[in-house]
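Got the model open? Let's go through some of the labels people put on a structure and see what stands behind them.

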Amino acid sequence: MDAFFDWFSLTLSDAFTDLINPKKRVTLLYLFTAALFACTWYTLKYGTNGFKRSFSWLSPAVWWHPSSKRDYGMWLLNKFLMSLIGPSLLSQSVIATWIYWQALDWQTLSWLNGTAIISLSTGWVVALFTLCYFLVDDFSRFFLHWLMHKSPTLWAFHQVHHSASTMTPFTVFRTHPIEGILFSLRSAVSQGIVIGVFAVCFPKQMSLYTIFGVVVSTYLFNLFGANLRHSTLPISYGKYLEKWIISPAQHQLHHSLNPAHFDCNFGVVLAIWDRLFNSLKFGHDNQKVQFGVSGKMQNPSLLELYYLPFQLAWTRFVKKLLPNLQKARHFFHNILKN
């Protein structure tokens, strides 16, 4: 019993440290800078009216909405669930180490003996590593997100996130544990590959200093309004910038209940992936978006957010399986008949 209470208190404490941990998007610093970014943006564009408008997302009607309460509930419950599941998941360090030792066994690399394939200064290695790490991570996020919309089974779990009928920065935590596991594995694999490859190509230049460049890029992304993606403030960067970078307004279109906006703007940072997959839509500052989904996941209870996806995924699996079973039955029936 003592061990249980120790685990419970430690996990609960860990959840609330998200509010002060700069690695987490909802830290108080990032919430403050998001509000400051919104205030500055709207004031520069619309003057006094924009200044007033920028504070609309701080309304208690938004932050204490029933949908927002479920976001907070999933934030805490998922902390406990992932603390049980997390230790069994592969980490990026394990994957990177495996890639490193595998690469050293390749005949084409056996002659390296600790020397770099390409001779670059440490500054260039840091810059190249940061760029590759960012691009691979951003594309893998986009691609898994795209898959979760295109696969009916995966959509059964991802629509938990889309079931939010209003949005605050804490909506980022409104994810089913199955989706959380998939994205954790995505992170470990994609980032582990980049770290492993660079550890082989530049064995004496990979260090915490190298990886620090990536930490800084993530820090800056969170510092300058990343939290506004999950908010009721439609900030558009204009069509030119939105061809390259996903704006808060674009991500809000992604959450739209309007069928005209379905399956658009899957990107996290870069919009180029959406352009390549023909899924890019532009936002604007005055768009009116109704968030949420239709069907069984419309206004679900906290408990339903966890068990309904399994039910929906099973139903879709059975519906897809039955026609194949019937075809197989007819096939064997005809063989026996002949």
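A residue counts as buried when its relative accessible area is under 20%, as exposed when it is over 50%, and as partly exposed in between. In this predicted model, 41% of the 338 residues of the protein count as buried.

Q: Why is F224 called exposed?
A: Its relative accessibility is 51%, and the cut-off for exposed is over 50%, so F224 counts as exposed. You'll find F224 in the loop between α10 (208-223) and α11 (239-242).

Q: What makes L29, Y219, L220 and F224 a nonpolar patch?
A: Nonpolar side chains such as Leu, Tyr and Phe are joined into a patch within 5 Å, provided each residue has over 30% relative accessible area and no salt bridge. L29, Y219, L220 and F224 form such a patch on the surface, with about 370 Å² of accessible area together.

Q: Why is D263 called partly exposed?
A: D263 has a relative accessible area of 32%, and partly exposed runs between the 20% and 50% limits, so the label fits D263. D263 sits in the loop between α12 (248-254) and α13 (272-276), and its phi is positive, near 55 degrees, though it's a residue other than glycine.

Q: How do you know that N278 counts as exposed?
A: Exposed means over 50% and N278 comes in at 74% relative accessibility, so N278 counts as exposed. N278 lies in the loop between α13 and α14 (304-337), and it has a positive phi of about 55 degrees without being a glycine.

Note on methods
Residues are numbered from 1 along each chain as its sequence is written. This is a predicted model: local features need pLDDT of at least 70, side-chain atom pairs count only at pLDDT 80 or more; totals for chains, interfaces and linings use all residues. Side-chain values use heavy atoms; hydrogens and water are left out. Buried means under 20% relative accessible area, exposed over 50%, partly exposed in between (1.4 Å probe, protein chains only). Patches are made of residues with over 30% relative accessible area and no salt bridge: like charges are joined within 9 Å, nonpolar side chains (Val, Leu, Ile, Met, Phe, Trp, Tyr) within 5 Å. Accessible areas come from the Shrake-Rupley method with a 1.4 Å probe; for residues, only the protein chains shown count as cover. A salt bridge is a side-chain nitrogen of Lys or Arg within 4 Å of a carboxyl oxygen of Asp or Glu. Helices (H or I, at least four residues) and strands (E, at least two) are DSSP runs, numbered from the N terminus.
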